Amino acid sequence: MYTVPKLEDFSPASLDKAASELREALENEARSALDPKAFEEFRNRWMARKNGLLTQVNDMWLKAAPGPAKRDVGQLVNALKKAAEVLVSDAEQLASSSGLAAKLKSETIDISLPGIERTLGVRHPVLRTLDELISVFVKMGYSIAEGPEVESDYYNFEALNFPPNHPARDTQDTLFIANQERHPQRDRLLLRTHTSPVQIRTMESQRPPVRVICPGKVHRNDAPDATHSPGFHQLEGLCVDTNITFGDLKGTLDHAMKSLFGSAVKTSFRPSFFPFTEPSVEVSISCPFCGGKGCRPCKQSGWIELLGAGMVDPNVFGFVNYDPKKLSGFAFGMGVERLTMMSYNVDDIQQFFYGDMRFLEQFA
Ligand code: FA5
């Protein structure tokens, strides 16, 4: 480590030698002061007023110089001080920028790495079908009504003309809420088995004419298989007015099925039974996959059964104080998962509930 030598000889040659050794040491140390801490040490060592190396030069060279050499030594010491100031200022810049470089290096973000991908959600296929269905009926002037998923026996069965112990109840077994034995049967709560209770709630709260659709979740004690699920969605429809005929029912559903599956699709109405409609029908469409020739989805029959419908039974009007002599109406109910299976050619209803991304991503 450089120390300021005491000068015995003040001849120009000796002064030159001493000055160049000092410069060399100063330059070397300035080059090594690479970060703010090292620079601080370097500056104090050379520039400190009290005992810095330049103060020592002043004391040991200038003050100690004999009279005749004082002028030359003075000029030399001044030149060395100026050179030192320049080197210190350069070193300061270098130290702060290399400090910054080190800081930047430690905080580097590698922008070439793949980012964290946030996948955008898409609408579930079942809800897409439901939205399509809703828009078809809204265009025909229907409004939307909703009801509770936990329903009373009265709305789910009794007011829909399923009397207690009627065998038709067996076709819609469900889960009952526990500990309700103390309530009369009509008030006992259950998970609704269809969206038809919303028909009753709507007619109770609204005078005719009525044109509503009721979308929602329903539950049944059905063992899961390729076409059955214990929880699924239905879309109910109800139209009540004066002079509503079976022809209106056929026209409405034919138009809805053509809107959903294309204008080539045909509809067929076969007699069926529901306690709350008379007459009742099962509605099928000609198979949209084979055009009616017969294929696997339609089980070679050319037709696919899609929904239940019928003219509102006059007994039901009796439950809501509508006059069956003046009014008539039709209702229909469809399973949204089954329609979605048709629309997207899905062969297992369970796919809609597994949450398997490989399946769902196909709808993105
Ligand atoms: C009913 O639920 C009647 N409420 C429909 C109705 C409304 C008829 C108004 C007349 C007037 P059904 O039990 O057939 O009917 O069920 C209607 C539709 O729900 C079926 O056509 C089918 O598409 C669907 N569905 C029934 N059970 C299941 C199930 N376990 N899983 C998936 N979909 C089902």
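This briefing covers the ligand site, the two largest pockets and some backbone features of the structure above. The model is predicted. The ligand sits in the largest pocket. The protein buries 92% of the 680 Å² that the ligand exposes when taken alone. Three backbone points also deserve a look: cis peptide bonds at P208 to P209 and at E278 to P279, and a positive phi at N179.

**Ligand contacts**

- The shell around the ligand holds 25 residues, and H194, S196, R220, D222 and S229 come nearest.
- R220 makes a side-chain contact: an N or O atom there is 2.8 Å from an oxygen atom of the ligand.
- D222 pairs with a nitrogen atom of the ligand, which is 2.8 Å from an N or O atom in the D222 side chain.
- G335 uses its backbone instead, with an N or O atom 3.4 Å from an oxygen atom of the ligand.

**Make-up of the ligand shell**

- Three strands each supply at least two shell residues: β5 (231-241), β8 (303-312) and β9 (328-335).
- By class, 12 shell residues are polar, nine are nonpolar and four are charged.

**The largest pocket**

- The space in the largest pocket comes to about 780 Å³.
- Its lining has 35 residues. Nearest the centre lie R220, Q234, F274, E282 and G308.
- R220 therefore appears twice, among the residues that come nearest the ligand and among those nearest the pocket centre.
- Two or more lining residues come from each of β5, β6 (267-274), β7 (277-286), β8, β9 and α10 (336-344).
- β8 gives the most, with six residues.
- The lining divides into 14 nonpolar, 14 polar and seven charged residues.

**The second largest pocket**

- The volume of the second largest pocket is about 590 Å³.
- This pocket is lined by 18 residues, and T227, P297, K299, I304 and M342 are closest to its centre.
- β8 and α10 are the elements that give two or more residues to this lining.
- β8 has the largest share here, with four residues.
- The lining of the second largest pocket has 10 nonpolar, three polar and five charged residues.
- β8 thus contributes to the linings of the largest pocket and the second largest pocket.

**Backbone features**

- Most residues other than glycine have a negative phi, and most peptide bonds are trans.
- The peptide bond from P208 to P209 is cis, and its omega is near 5°.
- P209 is placed in the loop between α7 (197-205) and β4 (210-219).
- E278 and P279 are also joined by a cis peptide bond, with omega about -5°.
- P279 lies in strand β7, and β7 is among the elements that line the largest pocket.
- N179 is not a glycine, yet its phi is positive, about 60°.
- N179 is found in the loop between α6 (153-156) and β3 (189-191).

How values were computed: Residues are numbered from 1 along each chain as its sequence is written. This is a predicted model: local features need pLDDT of at least 70, side-chain atom pairs count only at pLDDT 80 or more; totals for chains, interfaces and linings use all residues. Side-chain values use heavy atoms; hydrogens and water are left out. A residue is near a molecule or strand if one of its heavy atoms lies within 4 Å of it. A polar contact is a pair of N or O atoms within 3.5 Å; within protein, one must be able to donate a hydrogen and the other to accept it, and residues adjacent in sequence count only if both atoms are side-chain atoms. Accessible areas come from the Shrake-Rupley method with a 1.4 Å probe; for residues, only the protein chains shown count as cover. On a 1 Å grid over the protein atoms alone, a cavity is a set of points where a 1.4 Å probe fits but cannot get out, and a pocket is an open set with protein on both sides within 12 Å along at least five of seven lines; lining residues have an atom within 4 Å of a point. A molecule sits in a cavity or pocket if more than half of its atoms lie within 2 Å of its grid points. Ala, Val, Leu, Ile, Met, Phe, Trp, Tyr, Cys and Pro count as nonpolar, Asp, Glu, Lys and Arg as charged, and the others, Gly among them, as polar. Grid points are joined across faces, edges and corners, and a volume is the space filled by probe spheres set on the points.
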